Amino acid sequence: MEKKSGYVHGYTNRENERLVDQANALVELLHGDTVYPPGSVILEAGCGVGAQTITLAATSPRTQFFSVDISRDLLALARERVKAAHSGNVRFLQADIFDLPFGDETFDHVFVCFVLEHLPRPGEALKHLKRVLKTGGSITVIEGDHGSVYFHPESHFARKAIQCLIDLQAAAGGNSLIGRQLYPLLCESGFSNARVSPRMVYVDSSRPELVEGFTKNTFTAMVEGVQGRALAEGMIDPAAWERGVADLYRTAEPDGTFCYTFFKAVATKGISGKHHV
Ligand SMILES: C[S@@+](CC[C@H](N)C(=O)[O-])C[C@H]1O[C@@H](n2cnc3c(N)ncnc32)[C@H](O)[C@@H]1O
């Protein structure tokens, strides 16, 4: 039986395509500075459909990735994707971050992207990841923060629709505002030398690939994905919802702009495993 978490975005084909669009649009911004040394063994936790795996495996070809996810169905898609890209340095495994089937100090590096935001106990998840990381090894965590959104033209309805997504994710035990918390979470989980860099996506019509790949097919698609639940739970009335989504698409018009900030954190596992600020 398929194991699932309380994942607010669901496991539909549209959501899988959205994650791939997001990864394609953001490759340089999010991954440009992630290259692992040859010979490294890396755990990618919560790999989903392999949207990030493809980039990681290609930019660090002489390494070995172990990419795990709780969903067997998504792993099957990830396997196909990596096979099509002819990357021979990835092994996939079904596993729960909270019950990892690896010994202590197994990996040189750990990579986790857009996963902590869905977990009710992200700090505990980081401690489980720290257990399997070698002393001196690094963890890279990338998360978004839906509170970082601003756009033109401004729209009260668009903000209400976004708030539905934030509230639904919180009700499912997640936190879509987690980007701003990466530093304290890593410190509290016992990692050392945490450094967080905000990565802002700015979109206007001079960047048509981001208008399509980010404003429309990543962010607005993600908001649209919770329409059924937002309406069913009476969080917003149908007319306000429609207007909100239309106003988000409006920001993708030639005179519109859209901004969002991701947070990328890198920290190490210190010798004592204690918190060094
Ligand atoms: C938003 S997706 C991100 C996928 C991928 N990292 C990416 O950036 O495209 C979150 C993923 O975390 C997985 N996940 C959620 N809880 C998990 C857990 N406890 N253990 C392992 N994977 C988990 C989900 O199945 C899903 O594939």
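In the predicted model, alanine 45 stands opposite valine 68, a residue of strand β2. The two strands concerned, β1 and β2 (residues 64–69), pair in the parallel sense through five bridges. Between β1 and β2 the chain passes through helix α2 (residues 53–59), and the resulting β-α-β crossover is right-handed. Strand β1 itself, comprising residues 41–45, is mostly covered, with four of its five residues buried. Strand β1 also pairs with strand β4 (residues 107–113), again in the parallel sense, over four bridges. In this second pairing, glutamate 44 has phenylalanine 111 of β4 as its bridge partner.

Strand β4 is in turn joined to β5 by six bridges, and the pairing is parallel. Here phenylalanine 107 lies opposite leucine 133 in β5. The connection from β4 to β5 runs through helix α4 (residues 122–132) and forms a right-handed β-α-β crossover. Strand β5 spans residues 133–143 and is mostly covered, eight of its eleven residues being buried. A further pairing links β5 to strand β8 (residues 257–268); these strands run antiparallel and are joined by six bridges. Within this antiparallel pair, glutamate 143 is matched with phenylalanine 263 of β8 as its bridge partner.

Strand β8 also contains threonine 261. This residue counts as partly exposed because it has 18 C-beta neighbours inside 10 Å, whereas 20 or more would be required for a buried assignment. Apart from neighbours within four places in sequence, threonine 261 is in contact with Asp145, Ser148, Gly179, Pro198, Arg199 and Met200. For one of these residues, proline 198, the separation from threonine 261 is 63 residues in sequence, while the C-alpha to C-alpha distance is 6.3 Å.

Helix packing was examined for α5 and α9. Two packed helices are described by the angle between their axes and the distance between the axes. The axes of helix α5 (residues 156–171) and helix α9 (residues 238–250) come within 7 Å and cross at roughly 105°. The two helices are therefore roughly perpendicular, since angles of 65 to 115 degrees fall in that class. On the α5 side, the contact involves Phe157, Ala158, Lys160 and Ala161; these meet Ala240, Trp241, Arg243, Gly244, Val245, Asp247 and Leu248 in α9. By residue class, the contact of α5 with α9 consists of seven nonpolar, one polar and three charged residues.

Several backbone features were also identified. Most residues other than glycine have a negative phi, and most peptide bonds are trans. The peptide bond from histidine 152 to proline 153 is cis, with omega near -5°. Proline 153 is located in the loop between β6 (150–152) and α5. Histidine 86, although not a glycine, has a positive phi of about 60°; its place is in the loop between α3 (72–84) and β3 (90–94). With 8 C-beta neighbours inside 10 Å, histidine 86 is classed as exposed. Glutamate 105 likewise is not a glycine and has a positive phi, of about 55°. This glutamate 105 occupies the loop between β3 and β4, and 15 other C-beta atoms within 10 Å make glutamate 105 partly exposed.

Terms used
Residues are numbered from 1 along each chain as its sequence is written. This is a predicted model: local features need pLDDT of at least 70, side-chain atom pairs count only at pLDDT 80 or more; totals for chains, interfaces and linings use all residues. A residue is buried if 20 or more other C-beta atoms lie within 10 Å of its own, exposed if 12 or fewer, and partly exposed in between; C-beta atoms are placed from the backbone. Two strands pair if DSSP finds at least two bridges between them. A crossover is right-handed if, with the strands pointing away from the viewer, the path from the first strand over the helix to the second runs clockwise. Axes are lines fitted to C-alpha atoms, for helices over the stretch in contact, and angles run from 0 to 180 degrees between N-to-C directions. Angles under 35 degrees count as roughly parallel, over 145 as roughly antiparallel, 65 to 115 as roughly perpendicular and the rest as oblique. Two residues are in contact if their C-beta atoms, placed from the backbone, lie within 7 Å. Ala, Val, Leu, Ile, Met, Phe, Trp, Tyr, Cys and Pro count as nonpolar, Asp, Glu, Lys and Arg as charged, and the others, Gly among them, as polar.
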